[in-house]
Each structure stands twice: as C-alpha cells, then as structure tokens.
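Okay, everyone, thanks for coming. Let me put one structure on the screen and talk you through it.

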Amino acid sequence: MPRAPRQAPFSVQVAGVVPLSRTAAFSVAVEELREALGRLGLEFVPGAKGTVTERGTRVGEVKAWTARERVRLAWHPAPWMSDEVTEVELRFEDVPGGTKVTLEHRGGASVFGEGAEAAGWLFGGAFAPFLRSLAPAALGDWVTDRAARRPSGPRAREIYSDPEFHRPNFALLLEVLDLGPKDRLLEVGCGGGALLREALQSGCRATAVDHSPEMVRLARQNNRAAVAEGRLEVIEAEASRLPVPEDTFTSAVCTGVFGFLPHPLETLREVHRAVVTGGRFALFTGTRALVGTPACPEPMAARFRFYEDAELEELARSAGFRDAAVRRPDLTRYAVALGLPEEVVAVFRGHADGGQLLVGHKARL
Ligand SMILES: C[S@@+](CC[C@H](N)C(=O)[O-])C[C@H]1O[C@@H](n2cnc3c(N)ncnc32)[C@H](O)[C@@H]1O
C-alpha cells in the first residue's frame, strides 16, 4: 500500500533585537505580552504553570519556563481539530548591544493546509498584519495610544504620575472648581491620578474613570490612602458610558482627554446626567496653537480633534449645560507660580491661546 505523503513541517519565527539586558528583556516581554494580549482578548497568566485563554477557551499551557532564557507552551490553535497541538517558544539570547528575542510557532501543518494554503496564512494572516503594524496609520495609532490616548508602559506610567506639562492646567481647574470637604468630584480620563491627588487634598470625595487599565491601576496606586479610606473610586470605563449614578457629583472635570473622544456629545451628556443640579463642570483641552510643541507633538496632533470655542460651547449646551462658556486662559502665571523649569514655562509663554477652558453648570429644569 502506498504510504500517505508526510506533511512538511511548518514553522514560523519572528525575532527582534532589543537594547536591553536579558534580565530586563525577559521581564519587559512578560509584562508587555500580558498587557497587549489582554487588550486583544487573550488572557496570559505568566509563570511555570501559566496559561493563555481566549474567551474562556484554553489556548496555551506553559510546559517550560526558564526565566531569562526560554518559555515553551503547548498551543491549541484550532479546537475544531482537537488533536492538533502545536508548540510556541519564546527565546532570549545575548547579542552585541542587547538581547535577541525570538518567537517561534512550530507545527499545525494540517491546520494551515498544504502548499499554497499554508503560504496563504503565512503571508496574509501573519506577514500582512506585521507589515501593517509598521505602516504610518497603525504605527501612528500605536504611538498615540501608548503615549496619550490609552497610555501604557513604563514611560507612560512615569509621565502620568506627575505630568509636568499638565500641572498648570490642574492649578487652573482646581481654582475654578474650588473644592471642599462636602464636594463629590467626578473625573473623566484621570490618567495616573495626578489631578485627583491634588483635588483630594481639599477633603472631597471622588470617582474617576479611565479606559486604560494601566492608568486605572496607577491612579489607584498614586492615591492609595484615599482609596483605602473609601474617599476615591477609580473605574475602568469608556467616557461615553459612565458607570456612575445620576445626580450624584457636585463637580466634574475632564482635562487633556476631550480631543481623543470618539463620542464627545454622549460623554458630555453622561457627565451632565451624573452631576447634581447646580453642579459645576470644568473641561480643559488643547487648541491648534499647541501643534508641534511638546504638549501636542505628532503623531498625536493628527489624531486629536480640535474644537472652535463656539463649537465646544454648542456641544456642551446640547448636552444640557445651558450656561456653558469657553475662554482661553493664559497659563503662564500658573507655570511660573509652580516653579516649573524654564523650558516648560516657555511653552506656555509662547502659546497664551493654547488651551480652552469650558465651564458650565447643570441648571434646574
Ligand atoms: C493625555 S491623557 C490625560 C490624563 C490626565 N487627565 C492628565 O491630564 O494628566 C488622556 C487620558 O484619557 C484617557 N482616555 C482617552 N480616551 C478615553 C475614553 N474614550 N474613555 C475613557 N478614558 C479615555 C486615556 O486613557 C488617558 O489616561
């Protein structure tokens, strides 16, 4: 009897050299993969008994975990072909100037098919998304998300713990809100909780929302005492669907966020719903004047929506803030009073019309 033809082995490798020691590369790889897979709907539990799960289905189990060297997983790419178990390996090697990290997937010939079918997956399913990730639209989105629109990574955590360029905005907003112990503040897009830290010094209570899981964790960490005292709750949520009760907050604030929002009117309506009658809303957002400055570099600027003053007022009025008014405060005096370095002050001095402050109240019906 003629033997069935053996299927050719099928394997795919991607590799990169990172300018980090092997120890650092290993811990960054584990952390970044956990976070990024999470954003893509895959839960990665690292460690010797680690797993990868997609919507409740087990996709991978760690078979070997040698820190700084290699991680090997048994992989189940196709539960509809339950016998097909493939292998995924992540390897770390010293090379001049850093560490070479290789991700290899081995096996699965019958899942991917013969000849042109396997090649179809390789080029269309793997190489094309890889190249797209390096083309301007996706790379610009990645840089924007990473740094500002949905911040993640060590650099973003450091910046948003104390965002120097935002401190003058914070000082202005706190002056406008004039918070006290009886206040209940809502912040939309709280980042690392730096404004909350200052606001909570008034003795107020606060609830904050952000859609970046890393920023939510950071805001909680940076305000742990207030969280422990029950004075602060930080929630991971979309600005346009605030999971907060109506008629609850005496004040609401949103800064450095509005231009990124895909649903600005819905967000303003949600804020309006959440504040009590008479409650105050203060929003701060950058204007076109800041494009190209450290406060609004590319590729963020191209992905940030700028509003005319009248347009912003109209949106806020449509959401119910009938007295909404915008002004363009010069933040230089706040930057100077805070003792910020001269190069930071210079950005404010050079762009006196760089920010819009919208203030509105929820009026009695
Ligand atoms: C540039 S940061 C500003 C953070 C903080 N307000 C500050 O001034 O330092 C923008 C923040 O808004 C959050 N954000 C952007 N779009 C959002 C959305 N649609 N829903 C909730 N949060 C959002 C981001 O995750 C990020 O933390």
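I'll start with the whole chain, then move to a hairpin, and finish at the ligand.

First, a reminder that this is a predicted model. The chain has 365 residues, and 32% of them count as buried. If you're thinking about box setup, the C-alpha trace spans about 90 × 45 × 40 Å along its principal axes. On secondary structure, we've got 13 helices and 14 strands.

Now the domains. The assignment splits the chain into domain 1, residues 11-134, and domain 2, residues 156-361. Their centres, taken over C-alpha atoms, sit 39 Å apart. As for contacts, take the ones between residues at least 6 apart in sequence: 63% of those join residues at least 24 apart.

Let's zoom in on residues 42-45, which make up strand β2. It runs antiparallel to β3, residues 51-54, and four bridges join the two. Together they make a hairpin, with five residues between the strands. Have a look at Gly47 in the turn: its phi is positive, about 120 degrees. Across the pair, Phe44 in β2 faces Val52 in β3.

Right, the ligand. Which residues come nearest to it? Out of 23 around the ligand, those are Gly189, Gly191, His211, Ala239 and Gly256. By class, the shell is made up of twelve nonpolar, seven polar and four charged residues. Helix α4, residues 136-149, gives at least two residues to that shell, and so does strand β9, residues 205-210.

That's my tour, so over to you.

Notes: Residues numbered from 1 in each chain as written. Predicted model: local features only at pLDDT ≥ 70, side-chain atom pairs only at ≥ 80, totals over all residues. Near = placed C-beta within 6 Å. Nonpolar A, V, L, I, M, F, W, Y, C, P; charged D, E, K, R; others polar. Domains from an automatic or database assignment. Pairing = 2+ DSSP bridges. Buried ≥ 20, exposed ≤ 12 C-beta atoms within 10 Å, placed from the backbone. Contact = placed C-beta atoms within 7 Å.
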